[in-house]
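Visitor: I have a model open and would like to talk through a few spots in it. Could you take me around, beginning with how a pair of helices packs?
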Amino acid sequence: MHYVSVEGAAKSFGIKPLFESISFHIEEGDKIALVARNGSGKSTLLKILANKETADSGKVWINKDVTIALFEQEPVFNDEKSILDNIFTHNHPVIMAIAAYETAEEEGDATKIGNAIVRMDELDAWDFDHKVKQVLGKLNIHHLQQKTGTLSGGQRKRVALAKTLIDIGFEHKHVLLIMDEPTNHLDVDMVEWLEHYLNKENITLLLVTHDRYFLNTVTNEIWELDGSELYIYKGDYENYLEKKAARIESESASIDKARNTYRKELEWMRKQPKARTTKSKSRQDNFYEIQKKASMQLVDAQMELQTKMSRLGGKIVELKKIYKSYDDKTILKGFDYTFKKGDRIGVVGKNGTGKSTFLNILQGLESADSGKINIGDTVVFGNYSQSGLEIKDNIRVIEYVKNIAENFPLAKGGSLSAAQFLNLFLFPPEQQYTYLSSLSGGEKRRLHLLSILFRNPNFLILDEPTNDLDLPTLGVLENFLVEFQGCLLIVSHDRYFMDRLVDHLFVFNGEGEIKDFPGNYSQYRIWLKDQETLAGFKEPETKKESEELIKAPVNAEKRKISFKEKHEFETLSTEIKNLETEKIQITGKLNNGAADYKELQDYSNRISTIAKLLDEKELRWLELSQWIE
């Protein structure tokens with residue numbers, strides 16, 4: 001089914017064109033990733049498709065049977081309303097019934113719960129309620145009566161994501177899901193669940209993401225906005241990089257040829273008299289086309305920069321028996337580590353386990369409760385935090401960087417000027433004189449990162465550096481960090497970024513427990529899954545242990561069962577009984593010999609279905625029965 005057609009669309013802000021005369025089509029089942037530098041118009045294009053902005057020219061056609069669902073980077077909520085009210089905004093009986101049931105369950109009102117269960121039964125809403133609970137649970141969204149105005153930025157993003165997924169699950173029809181950086185503020189477990197969810201559901205998808213593993217897993221086509229044009233690549237991220245490199249090489253050769261031709265044609269134009277003949281008019285027109293081609297500049301985000309880093313002495317940083325707690329919460333419990341030159345360490349762990357506190361203690365921004373921290377005299381920290389760029393005066397980009405230093409020293413001698421360094425980090429000359437207040441959010445993040453690196457530190461601490469950075473900037477940053485000779489400490493949920501740059505991990509497990517894992521992020525995830533598998537298949541070491549395991553389910557303390565589970569248990573008993581009755585009836589029909597061939601085939605298929613349903617329902621009945629008094 002044809003979802004979207006765009007022909008010759010163009011959009012500009014002031015005199016700056018974002019894209020010019022781009023065309024594309026989206027078919028049902030397409031899963032597309034849109035990549036480009038920040039400020040190139042990715043978010044604008046998504047909003048045009050969602051009818052939140054309009055193109056300056058061109059045609060945008062959307063099938064009347066298609067619903068557009070847009071997940072934006074900056075979600076908009078009614079902050080005076082609860083999480084529940086902001087998520088369930090559809091005025092539909094099923095949505096309203098689920099909202100009433102969730103409210104009653106959270107309040108614990110038995111009368112309301114009973115009435116809500118009756119209404120859920122009437123509307124057959126339990127399957128959709130199960131999906132809702134799965135989405136809320138996986139995104140760690142609880143306390144549904146809490147007002148959204150009290151939520152942090154990360155919590156708001158997760159609530160917005162939950163609302164989007166619940167909305168498209170409710171539609172049950174033709175939906176184009178448009179997502180702008182959906183993995184920001186999600187931990188790895190959430191990202192992996194979202195990958196699975198989007199692959200499992202029959203969804204047509206257009207997304208912007210900097211997470212390359214997520215991109216590879218979820219999409220099968222990459223569109224790139226580059227130089228106001230749209231390029232389409234079928235396949236995965238590796239294929240995109242190969243095809244893009246080939247395109248740049250081809251265009252570079254074409255531009256070189258145009259420049260040679262331009263020099264000859266320019267000489268001809270200068271020799272021509274003012275009263276040119278009609279015969280030469282076509283050659284004059286062609287000259288201006290060649291001039292335009294010859295003046296093109298290709299920007300490739302590949303960079304190898306050998307920096308003349310500030311010298312690191314033999315003593316870098318020593319942490320000895322470091323303890324840190326907040327009230328009853330333990331952050332560090334006797335942590336020991338001596339940093340060596342060239343250490344490249346990733347810091348991972350769930351939110352709230354103390355990663356940011358650890359980084360602050362390391363730099364002396366917070367004090368430990370006890371222990372010793374010895375920092376070498378030659379250490380120069382570079383701290384890229386999530387707080388972002390601090391702007392005191394609204395000055396131009398080039399002035400902001402020059403206030404840090406005029407030049408950046410190179411390992412093989414010489415230096416880069418502030419302007420040259422800005423150009424390497426994708427701030428071309430015309431943008432270097434832009435005021436800081438005019439930069440987009442992503443451009444400010446890029447400038448913040450650049451300003452940290454331009455100070456030439458020898459111990460880099462990067463706290464979630466990939467959030468809101470575009471893929472070209474990530475490529476520049478990774479190439480820079482690959483060549484970095486100092487110590488590197490990275491907190492990030494970006495698996496691709498971590499795999500490429502770190503060689504061991506500090507894993508924060510909570511309660512002050514920190515594991516030093518010798519490997520990159522993917523290796524750690526594989527090890528973790530192997531450990532979970534081994535734990536699940538661990539055999540009892542003694543006869544006594546075996547007997548205790550057998551008795552455990554019987555003697556285990558019964559947990560509190562919800563009203564929904566009690567209702568499900570009662571319903572299962574009836575459903576199992578009905579299925580067994582139906583099975584007996586069909587078996588009788590199969591045995592009496594009166595059915596024709598088609599009927600026999602139908603009966604046989606139904607018997608197989610009933611057997612499968614009985615297995616599933618009996619297993620669930622047994623699971624619930626151990627909790628029922």
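Guide: Gladly, and please keep in mind that this is a predicted model. Helix H5, residues 126-138, packs against helix H7, residues 188-200, at an angle of about 150°, and their axes are 10 Å apart.

Visitor: Roughly parallel or roughly antiparallel, then?

Guide: Angles over 145 degrees count as roughly antiparallel, and H5 and H7 are therefore roughly antiparallel to each other.

Visitor: Which residues meet there?

Guide: From H5 the contact involves Gln134, Val135 and Lys138, which meet Met190, Trp193, Tyr197 and Lys200 of H7. By character, the residues of this contact divide into 4 nonpolar, 1 polar and 2 charged.

Visitor: OK, zooming out: how many helices and strands does the protein have?

Guide: The protein has 20 helices and 20 strands, and of its 629 residues 45% count as buried. Among the contacts between residues at least 6 apart in sequence, 69% join residues at least 24 apart.

Visitor: And in the largest nonpolar core, which residues touch the most other members?

Guide: That core has 105 residues, and those touching the most other members are Phe88, Leu165, Leu198, Phe421, Leu447, Leu481 and Leu505. Apart from it lies another core, of 26 residues, which includes Phe24, Leu34, Ala36 and Leu46. As general background, nonpolar side chains in soluble globular proteins tend to be buried together.

Visitor: What does leucine 505 touch?

Guide: Leaving out residues up to four places away in sequence, leucine 505 touches a list that includes Ile345, Gly346, Val348, Met498, Phe517, Tyr521 and Tyr524, along with Lys515 and Asp516.

Visitor: Met498 makes me curious about serine 492. Where is it found, and is it buried or exposed?

Guide: Serine 492 is in the loop that runs between strand S18 (487-491) and helix H16 (495-501). With a relative accessible area of 2%, serine 492 is buried, since buried means under 20%.

Visitor: What lies around that side chain?

Guide: A polar atom of the serine 492 side chain lies 2.9 Å from the backbone nitrogen of aspartate 494. Not counting residues up to four places away in sequence, serine 492 also touches Val347, Glu464, Pro465, Thr466, Phe497 and Met498.

Visitor: Last one: where is methionine 1, and what is it in contact with?

Guide: Methionine 1 sits in the segment before strand S1 (2-13) and is partly exposed, its relative accessible area being 36%. Beyond its neighbours within four places in sequence, methionine 1 is in contact with Glu27, Glu28, Asn63, Asp65, Val66 and His174. Methionine 1 and valine 66 are 65 residues apart along the chain, and their C-alpha atoms are separated by 9.8 Å.

Terms used: Residues numbered from 1 in each chain as written. Predicted model: local features only at pLDDT ≥ 70, side-chain atom pairs only at ≥ 80, totals over all residues. Heavy atoms only, no water. Helix = DSSP H or I, 4+ residues; strand = E, 2+ residues; numbered from the N terminus. Buried < 20%, exposed > 50% of the residue type's maximum accessible area, 1.4 Å probe, protein only. Polar contact = N/O pair within 3.5 Å; in protein donor to acceptor, adjacent residues only side chain to side chain. Contact = heavy atoms within 4.5 Å. Core = buried A, V, L, I, M, F, W, Y, C linked by side-chain atoms within 4.5 Å. Axes fitted to C-alpha atoms, helices over the stretch in contact; angles between N-to-C directions. Parallel < 35°, antiparallel > 145°, perpendicular 65-115°, else oblique. Nonpolar A, V, L, I, M, F, W, Y, C, P; charged D, E, K, R; others polar.
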